Amino acid sequence: MEKRRRGLATAMALLAAMSAANAQDKVEATIQADVVSQYLWRGQELGQVSLQPSLGLSYKGLSLTAWGSVGLSEPGDTKELDLTLAYSTGGFNIGVTDYWFNSPNERYFCYGAHSTSHVFEANVGYDFGPVGVQWYTNFAGNDGVGNGGSRAYSSYVEVSAPFRLAGCDWSAAVGAVPYATDFYSSADGFAVTNVSLKASKDISVTERFAIPLFAGLAVNPSTEKTYLYCGFTLRP
């Protein structure tokens, strides 16, 4: 099966921010857009300079988010639209994501087993405070296959740790593919695919307006590739 590009990038970070106020008494909306120098996802390179808008609603721990990506420097980069329904209470979170790509089928409402461009993924995780753990598994759609040629139920697990240092907000993460699947590049079995460090800081433009700037270093030990990227976020 051809190895194709996938991505959700920072959608779960957005969901975590939206779900943090799970005792809220009214519906809240989130609108923002990221511009990134390179689109990286779980240690895989999915595109060059990209625009990644998102729109979300949340209410008492329940959130629904639409997230997309389109290439700016390379028009041929895969276009993507992801819908995520998630619930968070305390440190526990659970969610389901429908990923859609404009390849191999450009029709959004095509769900045929052998022709769809949708991939459906479930996730569960817990934030212990100093560290958080997330597990993701594809359960339907255009999933990859394992060494035996059958559906792989492709999975990814990540441990992350946020901290503050030198006036910046930091996040360190280590992620791995637990078993063979061609959904993730070079995953013929257990493979560490993402070791990353990211820093972010608000840059003041006026007294009332600031632009969050971020930069990160990501290493994929499985493919022996290293990436340095940056970007900024626009929000009301």
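Which residue in strand 7 is the bridge partner of L85? The partner is V96. This pair is a good place to enter the structure, which is a predicted model.

**The whole chain**

The protein has 236 residues, and 43% of them are buried. Its secondary structure comes to one helix and 14 strands. The average pLDDT is 90, and 89% of the residues score at least 70. Residues 1-22 are another matter: there, pLDDT stays under 50. The model still has 80 contacts for this stretch beyond four places in sequence. Where pLDDT is low, the predicted coordinates should not be read in detail.

The protein exposes about 12100 Å². Carbon and sulfur atoms supply 62% of that area. Now take the contacts between residues at least 6 apart in sequence. Of these, 47% join residues at least 24 apart.

**The barrel**

How many strands close into the barrel? The count is 12, in the order 1-4-5-6-7-8-9-10-11-12-13-14. Their pairing is antiparallel. From one strand to the next, the twist averages 20 degrees. Strands of a sheet pair through backbone hydrogen bonds, either parallel or antiparallel.

Four of the antiparallel pairings are set out here.

| Strands | Bridges | One facing pair |
|---|---|---|
| Strand 5 (residues 62-71) and strand 6 (residues 80-89) | eight | S69 and E80 |
| Strand 6 and strand 7 | 10 | L85 and V96 |
| Strand 7 (residues 92-101) and strand 8 (residues 118-127) | nine | Y99 and V119 |
| Strand 8 and strand 9 (residues 132-141) | nine | G125 and Q134 |

V96 appears again on the way to strand 8. There it stands opposite A122. So V96 has L85 as a bridge partner and A122 as another facing residue.Two of these pairings are also hairpins. Strand 6 and strand 7 form one, with two residues between them. In that turn, G90 has a positive phi of about 60 degrees. Strand 8 and strand 9 form a hairpin with four residues between them. Its turn holds G129, whose positive phi is about 105 degrees.

**What is enclosed**

Is strand 7 largely enclosed or largely open? Seven of its 10 residues are buried, so strand 7 is largely enclosed by the rest of the structure.

Strand 7 also takes part in the largest nonpolar core. That core has 13 residues, and W41 and Y184 have the most contacts inside it. Strand 2 (39-41) and strand 7 are the elements that give two or more residues to this core. A second, separate core has six residues, including V36, L40, Y227 and Y229. In soluble globular proteins, nonpolar side chains tend to be buried together.

**A buried glycine**

G141 lies in strand 9. Is G141 buried or exposed? Its relative accessible area is 19%, and the cut-off for buried is under 20%, so G141 counts as buried. What is G141 in contact with, leaving aside neighbours within four places in sequence? The residues are T116, H118, V119, F120 and R151. V119 is already familiar as the residue opposite Y99. A113 can be added to the picture. G141 and A113 are 28 residues apart in sequence, and their C-alpha atoms are 6.5 Å apart in space.

**Unusual backbone spots**

Most residues other than glycine have a negative phi, and most peptide bonds are trans. Three places in the loops go against this pattern.

The first is R42. Its phi is positive, about 55 degrees, although R42 is not a glycine. R42 sits in the loop between strand 2 and strand 3 (44-47). With a relative accessible area of 9%, R42 is buried.

The next is K60, which has a positive phi near 50 degrees and is not a glycine either. K60 lies in the loop between strand 4 (50-59) and strand 5. K60 counts as partly exposed, at 39% relative accessibility.

The last is a peptide bond. The bond from S103 to P104 is cis, with omega near 10 degrees. P104 lies in the loop between strand 7 and strand 8.

Definitions and conventions
Residues numbered from 1 in each chain as written. Heavy atoms only, no water. Pairing = 2+ DSSP bridges. Core = buried A, V, L, I, M, F, W, Y, C linked by side-chain atoms within 4.5 Å. Buried < 20%, exposed > 50% of the residue type's maximum accessible area, 1.4 Å probe, protein only. Axes fitted to C-alpha atoms, helices over the stretch in contact; angles between N-to-C directions. Contact = heavy atoms within 4.5 Å. pLDDT = per-residue confidence, 0-100. Areas by Shrake-Rupley, 256 points an atom, 1.4 Å probe, with all protein chains shown as cover.
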